[in-house]
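Work through the exercises below with the structure open beside you. Try each task before you read its solution.

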Amino acid sequence: MAALAPATTTTQGQESHLPKAHGLRQWLDREAWRQAIIAIPYLWLLIFFIAPFFIVLAISTGTAQLGLPPVIWKETFPYGTSDNYLFLTQDAIYWQGYLNSLKLAAISTFFALLIGYPMALGIARASGAWRNVLLLLVILPFWTSFLLRVYAWIGLLGNTSWFNRGLTSIINTFFPFWAGGGDHIQMMNTNFAVVLGIVYSYLPFMILPLYATLEKLDRTLDEAAMDLGSKPWQVFRDITLPLSIPGMIAGAMLVFIPATGEYVIPSLMGRGDSPMIGRVLADEFFQNRDWPVASAVAVALLAVLVIPIMIYNFFQAREARRAAT
């Protein structure tokens, strides 16, 4: 058997006499597989986000019809129309849906941050064994069905529940001027119930990125500030809080974006006369059978959500520039 001809390659000024087959195998081991692994998330993004988005975008430029397919396009150029987007600006229910969604999502994000920050700080400052236990308690609700947890809140907040009756009795006893002496407090089918459900459901998404940021902070900075005479609250205000801003932004994004398009919680716990945009979108698809308008609502919602992503990228880029300098 003829031996493979040696190949002469130059690496940093030194000659190598590795055979070509060995060099090809090295390239496959290093470059091809590395490129293939890197391509997987891009392929995933292409198949499950970009392609469906362009399909929805195409449907939003069509016209609804009764039949299959439920949408048609013009036969002459331009094949699409912007009438569906103009319709969104003319009907008040869409504006109210967007504004109501943004308002409730912002309120929910604020309370999630208010509750999640001390929890994340406590976990980050706990000892190793307790830290694992506390993290497990944060993740534990995900082991139960999301729908089941929402129905549990419906049972608690209902007018005839033991929780509602007990809370009503306490308020009637200590704050009679507020409760008005009624036999129950109306909590279900209110914006309060929607905010409560969103905060409860998305709180781990606020805690985990905050914990990841707080856990990496250099504790010697706190000790140095204390040695220089700073009070604990001054150390928190001047060191811990500013350095944890990236985690706060990441957590706020993870709560605000899905909360804006939330459908299940507003449908089961919210007010019928003040729907969020996720419920409006579902009604267009499944009740009105108007796919083009529903797709226009979805595309407009995506455009609304891109704004906070751009804000987040801005802060990330600014933080990277600061770190580089």
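The exercises go from the whole chain to its cores, and then to its empty spaces.

**Exercise 1. The whole chain**

Task: Describe the secondary structure, burial and surface of the protein chain.

Solution:
- Start with the source. This is a predicted model.
- Count the elements. The chain has 14 helices and four strands.
- Turn to burial. Of the 325 residues, 31% are buried.
- Go on to the surface. The chain exposes about 20700 Å². Carbon and sulfur atoms supply 69% of that area.
- Finish with the contacts. Take those between residues at least 6 apart in sequence; 65% of them join residues at least 24 apart.

**Exercise 2. The nonpolar cores**

Task: Find the largest nonpolar core and say which elements build it.

Solution:
- Begin with the general idea. In soluble globular proteins, nonpolar side chains tend to be buried together.
- Now apply the search here. The largest nonpolar core holds 35 residues.
- Pick out its centres of contact. Leu157, Ile198, Leu214 and Met269 have the most contacts inside this core.
- List the elements that give two or more residues to this core: helices H3 (92-125), H4 (128-139), H5 (146-157), H8 (191-215), H11 (245-260) and H12 (264-269).
- Name the main contributor. H8 gives the most, with twelve residues.
- Zoom in on Leu157. Leave aside its neighbours within four places in sequence. Leu157 then touches Phe163, Asn164, Met187, Met188, Ala193, Leu196 and Met269.
- Look elsewhere too. A second, separate core has eleven residues, including Val280, Val293, Ala296 and Leu301.

**Exercise 3. The closed cavities**

Task: How many cavities of 30 Å³ or more are there, and what lines them?

Solution:
- Count. There are two cavities of 30 Å³ or more.
- Take the largest cavity. Its volume is about 40 Å³.
- Read its lining: Arg125, Leu217, Asp218, Arg219, Leu221, Asp222, Ile239, Thr240 and Leu243.
- Assign elements. Helix H9 (219-227) and helix H10 (232-243) each give two or more residues to this lining.
- Sort by class. The lining of the largest cavity has four nonpolar, one polar and four charged residues.
- Take the second largest cavity. Its volume is about 30 Å³.
- Its lining includes Asn100, Leu104, Asn191 and Val194. H3 and H8 each supply at least two residues of it.
- Sort again. This second lining has five nonpolar, four polar and two charged residues.

**Exercise 4. One residue of a lining**

Task: Is Asn100 buried or exposed?

Solution:
- Locate it. Asn100 is in helix H3 and lines the second largest cavity.
- Recall the cut-off. Buried means under 20% relative accessible area.
- Compare. Asn100 has a relative accessible area of 6%, so Asn100 is buried.
- Check its partners. Beyond its neighbours within four places in sequence, Asn100 is in contact with Ser274, Pro275 and Met276. Ser274, Pro275 and Met276 also line the second largest cavity.

**Exercise 5. The largest pocket**

Task: Which element gives the most to the lining of the largest pocket?

Solution:
- Get the volume. The largest pocket has about 160 Å³.
- List the lining: Pro242, Leu243, Ile245, Pro246, Ile249, Phe315, Gln316, Arg318, Glu319 and Arg322.
- Assign elements. H10, H11 and helix H14 (291-324) each give two or more of these residues.
- Answer. H14 gives the most, with five residues.
- Sort by class. The pocket lining has six nonpolar, one polar and three charged residues.

Key. Residues are numbered from 1 along each chain as its sequence is written. This is a predicted model: local features need pLDDT of at least 70, side-chain atom pairs count only at pLDDT 80 or more; totals for chains, interfaces and linings use all residues. Side-chain values use heavy atoms; hydrogens and water are left out. A nonpolar core is a set of buried Ala, Val, Leu, Ile, Met, Phe, Trp, Tyr and Cys residues joined through side-chain atoms within 4.5 Å. Buried means under 20% relative accessible area, exposed over 50%, partly exposed in between (1.4 Å probe, protein chains only). Contact means heavy atoms within 4.5 Å. On a 1 Å grid over the protein atoms alone, a cavity is a set of points where a 1.4 Å probe fits but cannot get out, and a pocket is an open set with protein on both sides within 12 Å along at least five of seven lines; lining residues have an atom within 4 Å of a point. Grid points are joined across faces, edges and corners, and a volume is the space filled by probe spheres set on the points. Ala, Val, Leu, Ile, Met, Phe, Trp, Tyr, Cys and Pro count as nonpolar, Asp, Glu, Lys and Arg as charged, and the others, Gly among them, as polar. Accessible areas come from the Shrake-Rupley method with a 1.4 Å probe; for residues, only the protein chains shown count as cover.
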